[in-house]
Amino acid sequence: MNRTSGRLIKAPENFIDRAGVGRVFAEAKEGRRDFLRSAFAAAAGVAAAGSAVAAQPEGDPNILNLPEHSKGLGQPVVTDGYGKPSRYEGNVQRRQSPGLTQTAQASVSFAPLQSLFGIVTPSGLHFERHHQGWWDIDPSKHRLMLNGMVKTPKVFTMDEIMRLPSVSRFHFIECGANTGMEWGNVAVPTCQYTHGMLSCSEFTGVPLITLLEMAGADLKAGRFILAEGADGSSMTRTIPMSLVRSGEVLVAYGQNGEMLRPENGYPLRLVVPGVQGVSWVKYLRRIELGDQPYGTKDETVHYVDLMPDGLHRQYTSIQECKSVVTTPSGGQVLLDKGFYSISGLAWSGRGKVKRVDVSVDGGRNWRTARLQDPVMSKCLTRFNLDWVWDGKPAIIQSRAIDETGYVQPTKPQLRGVRGTRSIYHNNAIQSWLVQESGEVRNVQLS
């Protein structure tokens, strides 16, 4: 194998200026669906052109000349009580998509998947979705109530919850609307905006079943819980007791070894592995046990699947098997022919990822990718595949298969069942076109 490594320019980051944002909003009001694509494409071209690599003189001065950091003292210990990334990584940010929502408190930020390694999302880069903004709640005043079909309704303080035996588990969380802009056509250019409503963390907390047993819950007659958040949106969601009885559902206060970040529900949130993010209620303040679904606003009017015949499907919360190639992906540029490591993420709300296939010719031929350990249930799985680019156009795709045998569908297959006008649960295969110029574009195959 030719191991001459190719070079790659990262995807553009700050590529929409203030004037561009205004133009995008104006075009969104006119109902144009291609407004994001054209705005992003123009800006991405400018970013790529400005990243040209200068010719190297004979002898690399970075080797020949001893740098300052090799000749003097560095920064003192504990310059920052809480560490920060290198200033050279300042472009790795979660970002809001212009035109998606016009009220910042009811918006979403996207995680920079194309710039991350492994499976864990740093807490500061974890995607956000708010329905009425985020709060930094005083944990000494926060309470969790359990009521409904329980013998003894209980109210827990944070101290009481954190004194109970805890568990820590790695799980992915994905917004049900992730990739939702791509149902009808290509709408956004980069992996961050197509798939960035996805993150993975180690969550620490107490199994909800433990708290229900402490309250004397009727675990035979009780078939559903209602989870309620303490923010102004009063987010409420029905969760089937079958998930709670399994012990997987956590009342979590920890994320990646520290307390939850305020943007992600500090001081308490529900963790429902495999289920869309809206059910992971943030700022959790109440759990009610009942014997039937509660039919709340956000599960009967919102977060429903529009079908081709005009009917809506409700309670489709499980996130089906899905994957995406993060390198190379939209907005990146391959500078040379030669060796590249195709890398990406796969996940399933029904268990472990069993296999990931990768194609570089638009799905005509597939090769099995390497799965990087660990491979855990309802968690992100990192995969990679060796590839030598010959300089010709290539269409790169990934196709995940989970332990239930479910195979990630193509876009035509998914649209055949779901149509083109839905928002939620788009788990179709993603295609990235590598052009002869080395520029990578988001494309869809009919």
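Residues 42–54 keep a pLDDT (the predictor's confidence in each residue, from 0 to 100) under 50. For this stretch the model has 7 contacts (heavy atoms within 4.5 Å) beyond four places in sequence. This is a predicted model, where local features need pLDDT of at least 70, side-chain atom pairs count only at pLDDT 80 or more, and totals for chains, interfaces and linings use all residues. Residues are numbered from 1 along each chain as its sequence is written, and side-chain values use heavy atoms, without hydrogens and water.

**Confidence**
- The protein has a mean pLDDT of 90, with 88% of its residues at 70 or more.
- Over residues 31–37 the pLDDT is below 50, and the stretch has 19 contacts beyond near neighbours in sequence.
- Where pLDDT is low, the predicted coordinates should not be read in detail.

**Core**
- The largest nonpolar core (buried Ala, Val, Leu, Ile, Met, Phe, Trp, Tyr and Cys residues joined through side-chain atoms within 4.5 Å; buried means under 20% relative accessible area, 1.4 Å probe, protein chains only) has 83 residues.
- Strand E19 (residues 338–347; strands are DSSP runs of at least two residues, numbered from the N terminus) gives the most to this core, 5 residues.
- This core lies between domain 1 (125–313) and domain 2 (322–443), because both give residues to it; the bounds come from an automatic or database domain assignment.
- Leu144, Leu270 and Ile287 have the most contacts inside the core.
- Beyond four places in sequence, Leu270 touches residues including Leu208, Trp280 and Ile287.

**Sheet**
- Five strands form an open sheet, ordered E6-E5-E14-E9-E10, with mixed pairing (at least two DSSP bridges between two strands).
- E6 (154–157) and E10 (236–240) are the edges; each has a single partner strand, so one side of each lacks a neighbour in the sheet.
- E9 (residues 224–229) pairs antiparallel with E10 over 5 bridges, and Leu226 has Thr238 in E10 as its bridge partner.

Definitions and conventions: Buried means under 20% relative accessible area, exposed over 50%, partly exposed in between (1.4 Å probe, protein chains only). Helices (H or I, at least four residues) and strands (E, at least two) are DSSP runs, numbered from the N terminus.
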